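Please open the structure in your viewer and keep the sequence panel beside it. The tour below moves from the whole chain to single side chains, and each stop says what to select.

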Amino acid sequence: MDFTPSEEQSAAQGLAARIFGDLSTHERLTAAGSGTDAELWKELCAAGLPAAVEDIGLLGLVLLLEEQGRTTAQVPFAATCVYGLLAVAEHGTAEQRERLLPGLRDGTAVATGAFPARGRVRLAEDGALYGAVPWVPWLRDATHVLVADADLALWMVEVSEPGAEACAAGAEVSEPGAEACAAGVTVEPVETTAPWSAGRLVLDGVRGERLGNGPEAYAAVLATARTAFAGLQAGVCAGSLGRAVHHTVTREQFGRPLSTNQGVLLRAADAHMDTEAIRVTVYEAAWRHDERRACAAPALTAAWWASEAGKRVVHAGQHLHGGTGADLDHPVHRHFLWGRQLDAYLGCGSEVLEELGLLLAAADGPGEGAS
């Protein structure tokens, strides 16, 4: 295994770090509230970063998402790349790729996914989709949502007409302009722990377009999503720890920096090791994906570390700020909220551990799928 970034991956990561660092500031995030920073999203798309994911692969995307996580930038980057760009590129037909990818590359289309499947959506005999999903991240911004029915077949559903503002803003169907939502689709605003422009998705007789070959495609997209969002968690943890280190080095108590206290050093060291554990397991899962190797078990391993270690790190980051960490308006609290949201998204630690155990038990031997 070689996780050394390619020249293209390093260049994309450097560009992402600069854009996120310059534009995803505490002041802008405060002004955005629970919504998306539209100007930052436009800047990322103008720089060609979503489009670059097709070339730099899942490992490259993980590197970009680490930079997003460091600043908790409120843009639908992970969702659009995982449930849109990569899903269509890997599982779509030639016609679907030609039609859907251009908008996803330039940001005029935004995708998200109603994942994981919980049997909430059913396919009727007439080919229409019915059901409701309690919350979907970035749904208020989305033009398309990837949905799995009860049989784990994937469907790309158009949430709003191209250029429509009503659904993207999370308008209720009774509000003026909400008729721009696609027929049979209702988007209701939902607030989650992290400000991810989430919404409740209701499908009432809507027709989607089939993507991929059923359960196999669903499993592949879910593994990709778990890897990508674990990479986002690695960045969130690194950002939280970085803030804690800066605080304890510059804050003095009894005439010396807080960082000289052994308890502080041990807590920070544990958080650092947890962050590195998330990172290395994510890199392995992403590398295996890009090398077309079995990656279901590595993706679950990364998701488990992102959940269990991730919440330890963001708790430590807030704790190491002392009383300052109790301030809900302090930047470190945003990392705490993101870390707890990512802890449970796509399955909490106990859920993915059970799934990993079943996968290993079903394996014939210690092959790549069980490694």
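What follows is a tour in four stops: the whole protein, a sheet, a glutamine and some salt bridges.

**Before selecting anything**

This is a predicted model, in which local features need pLDDT of at least 70 and side-chain atom pairs count only at pLDDT 80 or more, while totals for chains, interfaces and linings use all residues. Residues are numbered from 1 along each chain as its sequence is written, and side-chain values use heavy atoms, with hydrogens and water left out.

**Stop 1: the whole protein**

Begin with a cartoon of everything, in which you should find 11 helices and 10 strands; helices (H or I, at least four residues) and strands (E, at least two) are DSSP runs, numbered from the N terminus. The radius of gyration is 20 Å, close to the 21 Å that the globule rule gives for 371 residues, so the protein is as compact as a globular protein of that length. Here the radius is taken over C-alpha atoms, and the globule rule is 2.2 Å times the number of residues to the power 0.38. Along the principal axes, the C-alpha atoms fill a box of roughly 75 × 55 × 35 Å.

If you colour by accessibility, buried residues make up 52% of the 371 residues, where buried means under 20% relative accessible area, exposed over 50%, and partly exposed in between (1.4 Å probe, protein chains only). Among contacts with a separation of 6 or more, 73% come from residues 24 or more positions apart, a contact being heavy atoms within 4.5 Å.

**Stop 2: a four-stranded sheet**

Next select residues 121-123 (S2) and 129-136 (S3), then add 199-206 (S7) and 185-189 (S6). Together these four strands form an open sheet in the order S2-S3-S7-S6, with antiparallel pairing. S2 and S6 stand at the edges with a single partner strand each, so one side of each is left without a neighbour in the sheet. From one strand to the next the twist averages 15 degrees, the axes being lines fitted to C-alpha atoms (for helices over the stretch in contact) and the angles running from 0 to 180 degrees between N-to-C directions.

Now walk across the sheet, bearing in mind that two strands pair if DSSP finds at least two bridges between them. S2 and S3 are joined by three bridges, and Val121 has Gly131 in S3 as its bridge partner. Their hairpin has five residues between the strands, and in it Gly127 takes a positive phi near 90 degrees. Further on, six bridges join S3 to S7, with Val136 opposite Gly199. At the other edge, five bridges link S6 and S7, and Thr186 stands opposite Val202.

**Stop 3: Gln341**

Which residues should you show around Gln341, leaving aside its neighbours within four places in sequence? Display Trp135, Thr192, Thr193, Ala194 and Trp196, which are in contact with Gln341. Gln341 itself is found in helix H10, residues 331-344, and counts as buried because its relative accessibility is 8%. Its side chain reaches the backbone nitrogen of Ala194 at 3.0 Å.

**Stop 4: salt bridges**

Stay in H10 and select Asp343 and Arg340, which lie three residues apart, about one turn of the helix. Their side chains meet in a salt bridge at 3.4 Å, N to O; a salt bridge is a side-chain nitrogen of Lys or Arg within 4 Å of a carboxyl oxygen of Asp or Glu. Asp343 is buried at 5% relative accessibility, whereas Arg340 is partly exposed at 31%.

Then move to helix H6 (residues 94-106), where Arg99 and Glu95 are four residues apart and therefore separated by about one helical turn. The closest N and O atoms of their salt bridge are 2.7 Å apart. Is each partner buried or partly exposed? Arg99, at 40% relative accessibility, is partly exposed, and Glu95, with a relative accessible area of 44%, is partly exposed as well.

Finally, select Asp37 and Arg28, whose side chains meet in a salt bridge at 2.8 Å, N to O. Asp37 counts as buried at 10% relative accessibility, while Arg28 is partly exposed at 30%. By the rule given above, the count comes to 15 salt bridges.

Notes. Polar contact = N/O pair within 3.5 Å; in protein donor to acceptor, adjacent residues only side chain to side chain.
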